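Please look over this model with the points below in mind. They concern strand pairing, aromatic contacts and the surroundings of one helix.

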Amino acid sequence: MIIAEFAQSHLGKTSVLREMIRQAAESGATYAKIQTFFAEDLAWDHEFNRLRNLELDWAQHKFFVEECSKSGLVPMTSVYDFKYAEKLWGCGFRNVKIGSAQSTNEELIRKYVAMGFKVTMSTGGRDLKDIPKITPMFA
C-alpha cells in the first residue's frame, strides 16, 4: 500500500490537485491523501492568511473524491476533530487518517470508526503503548 501525501501542495487549486492525482495513479499509489482543515479553526493567527489560501472548500473535497475514483485511487483525508465528519462522508470520503498528534484521542478515533470510516493512524512521535487499544472496532 502506498499513500500519496498531497497535504497542501495543491496550493488550494483543483488544477494542481487533478495533476497530482494523475501522477500518483501513474506511479502506483493506492491512496491519495489531502488534509481537511480550515484556517479559522487553527490557533495560529499569524498564519491565517497563508493557510486560508491552502484550504479546499467542500466542492473541492468532493472534486478530489471524484477524481481519485476516476483514477483508481482511494481518497483519504487527515482529520483533526470530528466536527466535519458528516461533511466528509457527504463528499464521499470513507477513509480518514488520524495524525500522530491526535493518535491518543480515543474519543476521536471511536467516533470516526462508529460513523463507518476506515481509520488509519500515524504513530510518528508516539510510543505505541500510548495508542488506544481499540483494534476490535476496526475489524
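The notes below go through the model point by point.

1. Status. This is a predicted model, and the remarks that follow should be read as descriptions of that prediction.

2. The N-terminal unit. Strand 1 (residues 3-7) runs parallel to strand 2 (residues 31-35), and the two are joined over four bridges. Within this pairing, glutamate 5 lies opposite lysine 33 of strand 2. Helix 1 (residues 14-26) completes a β-α-β unit with strand 1 and strand 2, and the unit is right-handed.

3. From strand 1 to helix 3. Six aromatic pairs are counted in the model. One of them is formed by phenylalanine 6 and phenylalanine 64, which meet edge-to-face with 6.2 Å between centres and 85° between planes. This pair connects distant parts of the chain, since phenylalanine 6 belongs to strand 1 and phenylalanine 64 to helix 3 (residues 58-71), 58 residues apart. Phenylalanine 6 has a relative accessibility of 4% and therefore counts as buried. Phenylalanine 64 is buried as well, at 0% relative accessible area.

4. From helix 3 onward. Phenylalanine 64 also pairs with phenylalanine 93: the ring centres are 6.1 Å apart and the planes lie at 20°, so this pair is stacked. Here too, distant parts of the chain are linked, with phenylalanine 64 in helix 3 and phenylalanine 93 in the loop between helix 4 (85-91) and strand 4 (95-98), 29 residues apart. Phenylalanine 93 counts as buried because its relative accessibility is 0%.

5. The aromatic cluster. Phe82, Trp89, Tyr112 and Phe117 belong to one aromatic cluster. The ring of tryptophan 89 also has a charge over it: the charged end of arginine 94 is placed 3.6 Å from the ring centre.

6. The faces of helix 5. Which residues of helix 5 (residues 106-115) are buried? They are Leu108, Ile109, Tyr112 and Val113. Viewed down the axis of helix 5, these buried residues fall within an arc of 125°, so they line one face of the helix. Glu107 and Ala114, on the other side of helix 5, are exposed.

7. What helix 5 packs against. The partners of the buried residues of helix 5 are strand 3 (74-79), helix 4, strand 4 and strand 5 (118-121). Tyr112, one of these buried residues, is also a member of the aromatic cluster described in point 5. After helix 5 comes glycine 116, which has a positive phi near 110°.

Definitions and conventions: Residues numbered from 1 in each chain as written. Predicted model: local features only at pLDDT ≥ 70, side-chain atom pairs only at ≥ 80, totals over all residues. Heavy atoms only, no water. Pairing = 2+ DSSP bridges. Right-handed = clockwise from strand over helix to strand, strands pointing away. Phe/Tyr/Trp six-rings, centres within 6.5 Å; stacked < 30°, edge-to-face > 60°. Buried < 20%, exposed > 50% of the residue type's maximum accessible area, 1.4 Å probe, protein only. Lys NZ or Arg CZ within 6 Å of the ring centre and 35° of its normal. Arc of directions from axis to C-beta. Contact = heavy atoms within 4.5 Å.
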